[in-house]
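Student: Before we discuss this model, could you show me the sequence and the structure together? I would like to go through the strands and what lies between them.

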Amino acid sequence: MFAAFTRATAPRAFAAFVAAASAVALTGTLPAHAADIAVKIDNFTFTPDSTEIAVGTTVIWTNEDDIPHALAASERQFKSHALDTGDTFTYTFTQPGTYEYFCSLHPHMKGKIVVK
Ligand SMILES: [Cu+2]
């Protein structure tokens, strides 16, 4: 690729290439912001009911049911107030592990977040 550059333009083109490559390298070393994940609560079900995410991911639960639901982690890492229709609850997972949760109003409703 560089063989195509003339002696006059090569250093400048190479400098631009290095600058671009450095920018990419720098960006690559920054902690990536994990995309948020949405979990829907509808018809007494969490969708998805089980999902695997990266450390640092924020999960946003939205109650799309017409009755209230409330989230509680089995090991008490998080707990929401009762969510009315349209309400959301967010939690950012900063530690790897398996987080099982349920609806404290309807304990048969269960979900799981696996953080890697
Ligand atoms: Cu519920």
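Tutor: Let us begin with a definition: two strands count as paired if DSSP finds at least two bridges between them. Please keep in mind throughout that this is a predicted model.

Student: In β6, which residue is the bridge partner of Ile60?

Tutor: Strand β4 covers residues 58–63, and its pairing with strand β6, residues 88–92, is antiparallel and comprises five bridges. Within that pairing, the residue of β6 that bridges to Ile60 is Thr90.

Student: Which residues of β4 point to one face and are buried?

Tutor: In a regular strand the side chains alternate between the two faces of the sheet. Strand β4 shows such an alternation, with Thr58, Ile60 and Thr62 directed to one face and not buried. The residues that point to the other face and are buried are Val59, Trp61 and Asn63.

Student: Which residue stands opposite Asn63?

Tutor: Besides its antiparallel pairing with β6, β4 pairs in the parallel sense with strand β1, residues 37–42, over five bridges. In that parallel pairing, the residue opposite Asn63 of β4 is Ile41.

Student: Which strands each supply at least two residues of the largest nonpolar core?

Tutor: In soluble globular proteins, nonpolar side chains tend to be buried together. The largest nonpolar core here has ten residues, among them Val39, Ile41, Val59, Trp61, Tyr101 and Cys103. The strands that each contribute at least two residues to this core are β1, β4 and β7 (97–103).

Student: Which are the edge strands of the open sheet of four strands?

Tutor: This sheet has mixed pairing and the order β3-β8-β7-β5. An edge strand here pairs on one side only, and the two that do so are β3 (50–53) and β5 (71–73).

Student: In β8, what is the bridge partner of Thr51?

Tutor: Strand β3 runs parallel to strand β8, residues 110–115, and four bridges join the two. The partner of Thr51 in β8 also belongs to the largest nonpolar core, and that residue is Ile113.

Student: Is Lys112 buried or exposed, or does it fall in between?

Tutor: Lys112 lies in strand β8, and, leaving out residues up to four places away in sequence, it touches Asp49, Ser50, Thr98, Tyr99 and Glu100. A residue is buried with 20 or more C-beta neighbours within 10 Å and exposed with 12 or fewer. Because Lys112 has 16 such neighbours, it counts as partly exposed.

Key:
Residues are numbered from 1 along each chain as its sequence is written. This is a predicted model: local features need pLDDT of at least 70, side-chain atom pairs count only at pLDDT 80 or more; totals for chains, interfaces and linings use all residues. A nonpolar core is a set of buried Ala, Val, Leu, Ile, Met, Phe, Trp, Tyr and Cys residues joined through C-beta atoms within 7 Å. Two residues are in contact if their C-beta atoms, placed from the backbone, lie within 7 Å.
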